[in-house]
Amino acid sequence: MRVVEVTDDVQDQCRQLGSGVVYALRVLCAQLVDDPLRGVPGWDPSMYVVHVDGETFWQRIESWLRRHAPTTHAALKSGASEAELAALEEVLGVRIPVPLRALWRQCAGSRDVRGAGLFPDHGWALMDLDAVARSYEGHITSQRRWEQQFGAEEGMPLWKSSWFPFCSWSVTDLSHGRFVDGESGETGSWGETAERTVEDESLTMLLEEMADRLEYPKLFPGYEPGLIGGMLVWGPPHAPEERALWEPWSG
């Protein structure tokens, strides 16, 4: 088995540039295991140069869906205008985090149609702006009721005002979902109980990993992308009837 070694000085430079660069380096190393001559020849016969694709991670995801999962791609809404985003901020009373603003400018959620499931591992759907507002206001209301009844317990918030939901169990089922913390940039998830989980993964890293999973599924363990009648379905599915129709995507 090949091993790709990265010198300490290169790793230090990547860490200084940010977590996204560290992640990109990790993915590149995994790709070099299968293709050690990846890239284009440099001035030295033993040197190859690799350039990072200039497309945004969401554009990579949407491009993959357009080519391979047209039903899921057709469920995506067009991007929101600045006026629509400003109206959402007025309703919520807080500023939208930059990563979410960039995503919503390109795609403002999914339509309530079959095949709208998108995010691994559960196929959660991208929430539209109306659903974002309903979910956010519902969580904030629950937080206020909790504080009125039990007091504000430090370290145990039901919902922070800086948390912005962006995907949910389905377009209409908001009982489970994921959010972006506008203060730290971290993502997190919520369920039907009061428990909330905050991760160290940013929205940018989440979208980048999703794009890589779609384009290079063999590089990642766990759930893999597949297709059922033009729909993206992460699997293998648990339901026998879906498993019988599911075709894994091998790249």
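The following exchange examines a predicted model of a protein chain.

Student: Which helix of the protein chain has the lowest confidence, and which has the highest?
Tutor: The model is predicted, and the protein chain averages a pLDDT of 85, with 81% of the residues scoring at least 70. Confidence varies along the chain, from a mean of 63 at the lowest to 97 at the highest. The lowest value belongs to helix α2 (residues 19–34), and the highest to helix α4 (residues 70–74).

Student: How many aromatic pairs are there, and what geometry does the pair of Trp159 and Trp163 adopt?
Tutor: The count comes to 8 aromatic pairs. For Trp159 and Trp163, the ring centres are 5.4 Å apart and the planes meet at 85°. Planes over 60 degrees apart count as edge-to-face. The pair of Trp159 and Trp163 is therefore edge-to-face.

Student: Is the pair of Trp163 and Phe179 stacked or edge-to-face?
Tutor: The ring centres of Trp163 and Phe179 lie 4.3 Å apart, and their planes are at 20°. Planes under 30 degrees apart fall into the stacked class. The pair of Trp163 and Phe179 is therefore stacked.

Student: Which strands does the pair of Trp163 and Phe179 tie together?
Tutor: The two residues are 16 residues apart in sequence. Trp163 belongs to residues 163–168 and Phe179 to residues 177–181, each range being a strand. The strands tied together are therefore β4 and β5.

Student: Are Trp163 and Phe179 buried or exposed?
Tutor: Buried means under 20% relative accessible area. Trp163 has a relative accessible area of 4%, and Phe179 has one of 0%. Trp159 is likewise classed with Trp163 as buried. Trp163 and Phe179 are therefore both buried.

Student: Which residues do ring pairs link into a cluster?
Tutor: Trp159 pairs with Trp163, and Trp163 pairs with Phe179. The cluster formed through ring pairs also takes in Trp190. Its members are Trp159, Trp163, Phe179 and Trp190.

Student: How many disulfides does the structure hold, and are Cys107 and Cys167 buried or exposed?
Tutor: A disulfide requires cysteine sulfur atoms within 2.5 Å, and the structure holds 0 of them. Cys107 has a relative accessible area of 0%, and Cys167 also has 0%. The disulfide count is thus 0, and Cys107 and Cys167 are buried.

Student: What is the volume of the second largest pocket, and which residues are the closest to its centre?
Tutor: The second largest pocket holds about 620 Å³ of space. It is lined by 26 residues. Those closest to its centre are Gly117, His122, Gly123, Val233 and Glu242.

Student: Which element gives the most to the lining of the second largest pocket?
Tutor: By class, the lining has 14 nonpolar, 7 polar and 5 charged residues. Both β9 (231–235) and α9 (240–245) supply at least two residues of this lining. With 5 residues, the element that gives the most is β9.

Student: Where are the cis peptide bonds at Asp121 and Pro236 found?
Tutor: Most peptide bonds are trans. One cis bond joins Pro120 and Asp121, with omega of about 5°, and another joins Gly235 and Pro236, with omega of about 10°. Asp121 lies in the loop between α6 and β3, and Pro236 in the loop between β9 and α9.

Student: What is the C-alpha separation of Gly230 and Ala69?
Tutor: Gly230 sits in the loop between β8 (224–228) and β9, and is buried with a relative accessible area of 18%. In sequence, Gly230 and Ala69 are 161 residues apart. In space, their C-alpha separation is 4.5 Å.

Student: How far apart are the C-alpha atoms of Ala116 and Met231?
Tutor: Ala116 is in the loop between α6 (98–106) and β3 (125–126), where its relative accessible area of 6% makes it buried. Ala116 and Met231 are 115 residues apart along the chain. Their C-alpha atoms are separated by 8.0 Å.

Student: Is Thr204 buried or partly exposed, and what distance separates its C-alpha atom from that of Leu100?
Tutor: Thr204 belongs to helix α8 (residues 203–215). With a relative accessible area of 38%, Thr204 is partly exposed. Thr204 and Leu100 are 104 residues apart along the chain, and their C-alpha atoms are separated by 9.2 Å.

Notes:
Residues numbered from 1 in each chain as written. Predicted model: local features only at pLDDT ≥ 70, side-chain atom pairs only at ≥ 80, totals over all residues. Heavy atoms only, no water. 1 Å grid on protein atoms, 1.4 Å probe; cavity = no way out; pocket = protein on both sides within 12 Å on 5 of 7 lines; lining within 4 Å. Points joined across faces, edges and corners; volume = space filled by probe spheres on them. Helix = DSSP H or I, 4+ residues; strand = E, 2+ residues; numbered from the N terminus. Nonpolar A, V, L, I, M, F, W, Y, C, P; charged D, E, K, R; others polar. pLDDT = per-residue confidence, 0-100. Buried < 20%, exposed > 50% of the residue type's maximum accessible area, 1.4 Å probe, protein only. Phe/Tyr/Trp six-rings, centres within 6.5 Å; stacked < 30°, edge-to-face > 60°.
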